[in-house]
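Let's take a look at a protein together. Have the sequence and the 3D view ready, and we'll go from the whole chain down to a few strands.

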Amino acid sequence: MLRSSRKAETMKSQVQFLFLLSLLCRAISQQIYYSIPEELAKGSRVGSLAKDLRLSVQELPARKLRISAEDFFNVSAENGDLLVSGRIDREQICGRKLECVLEFEMVAENPMAIFHVSVAIRDINDNAPHFVAKGIDLEICESALPGVKFPLDSALDADVESNSLKTYSINHNEHFSLSTKESPDGSKYPELLLEKPLDREQQSSHNLILTAMDGGDPPLSGTTQIRIQVTDANDNAPVFSQDTYRVSLQENVPPGTSVLRVLATDQDQGVNAEITYAFLNAPTSTRLLFVLDPNTGDIATNGTLDFEEASRYTLGIEAKDGRVHTAHCNVQVEIVDENDNAPEVTFMSISNEIPEGSDVGTVVALIKVRDQDSGQNGLVTCSIQEEVPFKLESTSKNYYKLVIDGALDREERAEYNITVTATDRGEPPLSSSSSITLHISDVNDNAPVFQQASYEVHVAENNPPGASIAQVSARDPDLGPNGHVSYSIVAGDLEPRALASYVSVSAQSGVVFAQRAFDHEQLRALELTLQARDHGSPALRANVSLRVLVGDRNDNAPRVLYPALGPDGSALFDTVPRAAQPGYLVTKVVAVDADAGHNAWLSYHVLQASEPGLFSLGLRTGEVRTARALGERDAARQRLLVAVRDGGQPPLSATATLLLVFADSLQEALPDLGDAPPPSDPQAELQLYLVVALALISVLFLVAVTLAVALHVRRSSRPGAWGCFQPGLCVKAGPVGPPNYSEGTLPYSYNLCVASHSAKTNFDFHTMTTETAPPRDLLGEDASMDICANNEDPHIAHDSSFSYHVSFCTLT
């Protein structure tokens with residue numbers, strides 16, 4: 001008994017050391033440990049889980065705590081305590097293991113985290129020892145000598161350590177005593193000792209009460225009856241060749257595989273030496289897995305052995321001769337693990353929607369792997385086969401994090417199908433896979449992009465208001481509001497209010513509309529800056545330039561600047577020397593057109609002439625020259641009707657009437673004008689009035705010419721600047737053209753200069769202001785022109801501006 005007590009204390013010390021060592025290891029791995037007795041009532045408090053996790057009660061709903069051992073525990077939503085939710089039977093959970101620990105995981109979200117919780121289940125004395133058989137029948141030969149031992153069936157107790165079965169006892173009897181023995185696997189069995197010889201003739205049977213008692217407080221016990229029959233002498237008992245047999249078997253061996261053969265011998269002869277074998281006190285599960293030949297002692301498998309269910313079996317074998325004497329031995333069967341279980345992959349938590357542009361290292365899924373095998377067969381590694389911007393990181397035992405390992409762009413790829421493969425280290429290795437689909441959600445990371453770097457559109461003038469003149473288009477690859485684009489005008493080369501009166505843009509379609517009819521003569525080009533803006537938050541935008549070129553149409557007729565009508569509406573006249581030779585420059589028809597290009601390309605045509613063939617007209621220049629010398633029969637007074645046409649389609653035109661008088665001086669011309677027949681039309685009468693007025697003005701010029709000659713004599717040594725006189729005197733007669741020429745026309749004024757003794761005529765086109773300057777192409781290649789013509793050397797001089805003054809000069 002003392003020896004058994006020491007063994008018990010040694011085992012208890014070892015168990016305590018192992019328990020403390022396991023606590024230390026778990027502390028190092030930062031796990032949470034609790035210890036509770038089994039069979040706690042439902043709702044009992046295990047521990048303050050929220051406090052141990054350093055979580056406040058207020059943040060518990062947001063963290064969404066979930067535990068994997070829901071059959072046994074739950075977490076209080078009010079205070080975060082770990083509570084018992086179901087029956088905890090240590091014997092049902094751990095069997096006869098010395099240490100019973102429930103390990104489970106708790107997953108918290110927002111942010112995602114996992115915690116390992118271990119709850120040690122302490123045994124309580126809730127199971128009394130009990131015997132499998134209702135009674136024990138023994139046959140003892142009367143010749144048995146004192147000291148013979150008879151092993152008895154042991155009792156079963158589901159409790160462990162101090163609560164397990166400790167001792168056996170029988171009621172007082174003078175022939176027998178009882179001792180408690182311990183088998184190699186640590187279980188205790190009773191052994192009946194014959195203390196005094198038996199005499200069948202005096203007493204043929206004995207009835208004993210066998211009591212099994214555990215070490216609980218208070219102790220529990222169980223009893224069975226021992227029925228002993230005293231038989232005639234058979235004085236030799238069987239003897240096994242070994243007290244304990246040991247053998248190793250691979251798991252998953254087929255049924256019928258031989259395990260080993262046990263052998264017992266008996267020195268008796270005949271019936272007393274015939275030995276039969278049987279399992280002794282074997283659990284039902286063991287009987288289903290193994291079969292024993294009662295005659296040969298061969299043990300074979302009768303089912304499939306699974307290392308994950310049990311790694312060791314202890315078989316008690318009894319040998320009996322002539323059904324009188326028995327012997328016992330134990331068979332230890334070790335099950336060797338094989339790599340027969342593939343790893344299991346479980347996704348504990350998954351983020352289904354991942355915003356594009358998420359930071360590298362963001363956790364998107366939590367993965368748990370499990371392999372029921374042991375050793376190298378149970379070591380698992382995880383990997384991802386695809387080339388994806390994700391990777392696996394090991395966090396703790398059998399746990400992995402799936403994290404972002406590269407840039408995510410929804411516009412390039414909107415979802416990823418990821419297959420996680422778990423492979424163990426067995427030979428050969430086994431693996432399993434599990435797939436998930438990760439969806440990439442859109443963020444506003446793309447600004448609109450116009451289809452062209454810039455736009456240019458041509459619009460003919462006089463377009464209908466409200467017409468579409470252009471369309472811009474921008475593309476945004478984002479989704480929803482992030483990709484919805486609206487358009488607007490943000491800048492232009494006009495003031496905002498004026499710009500809005502010219503163009504507008506549809507915010508939805510990008511179509512640009514003309515708000516009014518364009519006039520090429522007022523606006524030839526319009527520069528706009530359009531903006532495309534998405535509806536993201538914050539919004540992204542892009543700008544593009546649009547140039548609207550207003551094309552010219554032939555909507556302006558030519559305007560004759562010279563010859564012009566006098567103040568009274570009569571046409572002015574020009575004098576031609578009678579001795580003028582062919583090619584003599586008589587005058588020049590000057591006209592302008594507010595249009596541009598071919599629409600302003602003017603041509604001059606003679607519609608009517610008093611004497612056909614006497615004068616020629618320059619098609620492009622408008623110069624009137626003598627085609628031949630004046631004949632005796634030719635009238636001194638000639639009239640030309642000139643048409644000025646532009647190059648438009650259809651062409652527009654204007655007419656001018658020229659009154660030409662052949663005379664060597666103004667005084668000579670006046671009688672011709674007075675003797676001239678009455679004009680055939682009102683225009684001729686007006687021209688006559690003009691000539692009379694011009695003659696009156698010439699008289700005034702004579703005085704001025706006289707003064708000019710005197711001044712010229714005095715200042716002959718100093719050059720003078722007199723406009724078209726070199727030297728001379730020019731008296732301004734006042735404007736004979738329109739004082740203002742706007743909306744496609746230009747201002748012009750004319751000076752009439754007459755000398756006292758010369759018939760030389762000059763045309764002088766003076767400078768005008770920049771504000772009223774016409775376009776360059778109104779009068780040909782250069783829109784600025786000063787013309788000074790005389791009867792000896794006609795020429796055209798160009799100036800840098802656009803104002804025109806026509807002067808008739810008669811030089812001294």
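Here is a short tour of the overall make-up, the cores and one sheet.

A quick note before we start: this is a predicted model, where local features need pLDDT of at least 70, side-chain atom pairs count only at pLDDT 80 or more, and totals for chains, interfaces and linings use all residues. Residues are numbered from 1 along each chain as its sequence is written, and side-chain values use heavy atoms, with hydrogens and water left out.

The protein has 8 helices and 53 strands (DSSP runs of H or I, at least four residues, for helices, and of E, at least two, for strands, numbered from the N terminus). Of its 812 residues, 45% are buried, meaning under 20% relative accessible area with a 1.4 Å probe, protein chains only.

Now for the inside. The largest nonpolar core (buried Ala, Val, Leu, Ile, Met, Phe, Trp, Tyr and Cys residues joined through side-chain atoms within 4.5 Å) has 28 residues, and Phe 240 and Phe 290 are among those with the most contacts inside it. Several strands each supply at least two residues of this core, including these:

| Strand | Residues |
|---|---|
| S16 | 244–250 |
| S17 | 258–261 |
| S22 | 312–321 |
| S23 | 325–336 |

S23 gives the largest share, 5 residues. A second, separate core of 27 residues includes Val 485 and Leu 523.

Finally, an open sheet: 3 strands run in the order S9-S12-S11, with antiparallel pairing (strands pair if DSSP finds at least two bridges between them). S9 and S11 are at the edges with a single partner strand each, so one side of each has no neighbour in the sheet.

Key. Buried means under 20% relative accessible area, exposed over 50%, partly exposed in between (1.4 Å probe, protein chains only).
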